[in-house]
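Here are a few friendly exercises to help you find your way around a new structure. Try each task yourself before reading the solution below it.

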Amino acid sequence: MPELPEVEALREFLDDHLVGKEIARVLPLAISVLKTYEPPLGALEGTTVTSVARHGKFLDIAAGPLHLLIHLARAGWLQWKDGFPTTPPRPGKGPLALRTVLTGGDGFDLTEMGTTKRLAVHLVHDPADVPAVARLGPDPLADSFDRDAFARLLGGQRRQVKGALRDQSLIAGIGNAYSDEILHVAKMSPFKLTTSLVDDDVTHLYTAMRTTLREAVDRSRGLAAGRLKAEKKSSMRVHGRAGQPCPVCGDTVLEVSFSDSALQYCPTCQTGGRPLADRRLSRLLK
């Protein structure tokens, strides 16, 4: 799933390629992708893109008085095209979900692999009209989001720290992959309770969060959209690397599986050498 660093890189890419250009047409090609119907997508035709913003994992393309909000979900992606075939695409065929064509002939496709369709597109007058955007917590890289603000957020929670990092209403933009990476840098168990965090823990976790995300954004900056997935995968320290050696200590990276996801961690770096029970609602073995 694209998370804050990849979505921020896409925002910068689209800012360079879209702003100041006119939209010729927007073609929805999968019934599931469009989540709003008023105003219609046709209202974008003839408008000029004025900015591209990011809200957590949402892209926000502003054109005229409208905002095209895109959430790529787990299996969605954006593919830039310098040109398109003259033959219109057939709806419902393959992974293509939505096509946006500029008057210059270039534009982008939104695609989604797999059978579970979660990619979402909203056309609204105000980003806050999308409930998932309105509920977002602060951006973890915002200048105003300092260590004390982070401590106040965690202070109101009683939950496992990984779940807190992934909660979009608490902190916007961090998902399964980067929460694994942040906790590895912080040398903290994913199942540590927020209520057990002392001041030093909060400081280490905050520093790990900011450092991990900033470094990922910096690595992704300037890359073409098609290269971002490979960059993300190659830079992971523990996420997606179960069975491989930890790059810090050499211990074997372990995994905990759930019904629809999995987390990875290093026992030596994060749990004092103790494995986490690999079952639903697992907790640190004591």
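**Exercise 1.** In this predicted model, find where G240 lies and decide whether G240 is buried or exposed.

*Solution.* Start with the elements on either side: G240 sits in the loop that runs between α7 and β9 (254-257). Next, look at the relative accessible area, which is 58% for G240. Exposed means over 50%, so G240 counts as exposed.

**Exercise 2.** How far apart are G240 and D180, in sequence and in space?

*Solution.* Along the chain, 60 residues separate G240 from D180. Then turn to space: from C-alpha to C-alpha, the two are 9.4 Å apart.

**Exercise 3.** Describe how helix α1 and helix α6 pack together.

*Solution.* Two packed helices are described by the angle between their axes and by the distance between those axes. Here α1 covers residues 4-18 and α6 covers residues 199-220. Their axes come within 9 Å and cross at roughly 40°, and the crossing is right-handed. Now list the residues that touch: L4, P5, E8 and A9 from α1, and L213, A216, V217 and S220 from α6. Sorted by class, this contact has six nonpolar residues, one polar and one charged.

**Exercise 4.** Do the same for helix α3 and α6: what are the angle and the distance between their axes?

*Solution.* Helix α3 spans residues 147-155, and its axis lies 10 Å from that of α6, at an angle of about 115°. The crossing of α3 and α6 is right-handed. On the α3 side the contact uses R147, F150, A151 and L154, while α6 brings D199, V202, T203, L205, Y206 and M209. By class, the contact of α3 with α6 has seven nonpolar, one polar and two charged residues.

**Exercise 5.** What is the volume of the largest pocket, and which residues lie nearest its centre?

*Solution.* The volume of the largest pocket is about 990 Å³. Its lining is made up of 36 residues, and those nearest the centre are M1, E3, K57, A73 and R74. Next, look at which elements give two or more residues to this lining: β5 (76-81), β8 (120-124), α5 (176-186) and α7 (228-235). Of the shares, that of α7 is the largest, with three residues. Finally, sort the lining by class: there are 12 nonpolar, 12 polar and 12 charged residues.

Technical notes: Residues are numbered from 1 along each chain as its sequence is written. This is a predicted model: local features need pLDDT of at least 70, side-chain atom pairs count only at pLDDT 80 or more; totals for chains, interfaces and linings use all residues. Side-chain values use heavy atoms; hydrogens and water are left out. On a 1 Å grid over the protein atoms alone, a cavity is a set of points where a 1.4 Å probe fits but cannot get out, and a pocket is an open set with protein on both sides within 12 Å along at least five of seven lines; lining residues have an atom within 4 Å of a point. Grid points are joined across faces, edges and corners, and a volume is the space filled by probe spheres set on the points. Helices (H or I, at least four residues) and strands (E, at least two) are DSSP runs, numbered from the N terminus. Ala, Val, Leu, Ile, Met, Phe, Trp, Tyr, Cys and Pro count as nonpolar, Asp, Glu, Lys and Arg as charged, and the others, Gly among them, as polar. Buried means under 20% relative accessible area, exposed over 50%, partly exposed in between (1.4 Å probe, protein chains only). Axes are lines fitted to C-alpha atoms, for helices over the stretch in contact, and angles run from 0 to 180 degrees between N-to-C directions. A crossing is left-handed if the near helix is turned anticlockwise from the far one by less than a right angle, and right-handed if clockwise. Contact means heavy atoms within 4.5 Å.
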